[in-house]
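Me: I'm new to this one, so could you take a close look at a single part with me? I'd like to hear about the empty space inside, and then about the cysteines.

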Amino acid sequence: MKAEGTKVIVENRKARHEYEILEDFEAGIVLTGTEVKSLRQGKANLKESFARVKNGEIWLIGMHISPYKEGNRYNPDPLRPRKLLLHRSEIRKLSAKVAQDGLTLVPLKLYFKRGLCKCSLGLARGRKLYDKRENLKKREADRQVRQSFRH
């Protein structure tokens, strides 16, 4: 799925364990200059972050971007909410699904595509503990089957 010219900055691997991803969307993200420089150095964290629909806009909350080391006193707050850029029809669709079905918007990964920072956003349903265990058992069994074929 990696297109030409994309560079993954950070991936939220825990999201695929905690949630069942039903659909994913590519969104632009509004950043300041020092945040972009910090992202180019790979200084971001998506753990505990989520997206929320407010006033017809989607905001990414809880994503940590470390302050740029060579930046000045105007470095923004590392945990500030950041606006995601999607088409209006996509925003309407997502807000309806989140409101009616009780789904969550989870950032899956952050990457650069043709010089612009993008966020892969997943429409997700939370997994129960027994679902997580089942998923781990299935993955382990698949890994053992692949390993036995190799030998």
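Reply: Let's start with helix α2, residues 33-40, which gives the largest share of the lining of the largest cavity: three residues. Keep in mind that this is a predicted model. Rolling a probe the size of a water molecule over the atoms shows where empty space is left. Here, the structure holds one cavity of 30 Å³ or more, and the space in the largest cavity comes to about 40 Å³.

Who sits around that space? Going along the chain, you'll meet Thr34, Glu35 and Ser38, then Ile65, Ser66, Pro67 and Tyr68, and finally Asn75 and Pro76. Sorted by class, the lining of this largest cavity has four nonpolar residues, four polar ones and one charged one.

Now for the cysteines. How many disulfides does the count come to? It comes to zero disulfides. Take Cys117 and look for its closest cysteine sulfur: that's the one in Cys119, 7.7 Å away, which is too far for a bond. A disulfide needs the two sulfur atoms within 2.5 Å, so at 7.7 Å from the sulfur of Cys117, its closest cysteine sulfur, Cys119 doesn't make one either.

Are these two buried or exposed? Cys117 is buried, with a relative accessible area of 10%. Cys119 counts as buried too, at 0% relative accessibility. The cut-off for buried is under 20% relative accessible area, so the 10% of Cys117 falls on the buried side, and so does the 0% of Cys119.

How values were computed:
Residues are numbered from 1 along each chain as its sequence is written. This is a predicted model: local features need pLDDT of at least 70, side-chain atom pairs count only at pLDDT 80 or more; totals for chains, interfaces and linings use all residues. Side-chain values use heavy atoms; hydrogens and water are left out. On a 1 Å grid over the protein atoms alone, a cavity is a set of points where a 1.4 Å probe fits but cannot get out, and a pocket is an open set with protein on both sides within 12 Å along at least five of seven lines; lining residues have an atom within 4 Å of a point. Grid points are joined across faces, edges and corners, and a volume is the space filled by probe spheres set on the points. Helices (H or I, at least four residues) and strands (E, at least two) are DSSP runs, numbered from the N terminus. Ala, Val, Leu, Ile, Met, Phe, Trp, Tyr, Cys and Pro count as nonpolar, Asp, Glu, Lys and Arg as charged, and the others, Gly among them, as polar. Buried means under 20% relative accessible area, exposed over 50%, partly exposed in between (1.4 Å probe, protein chains only).
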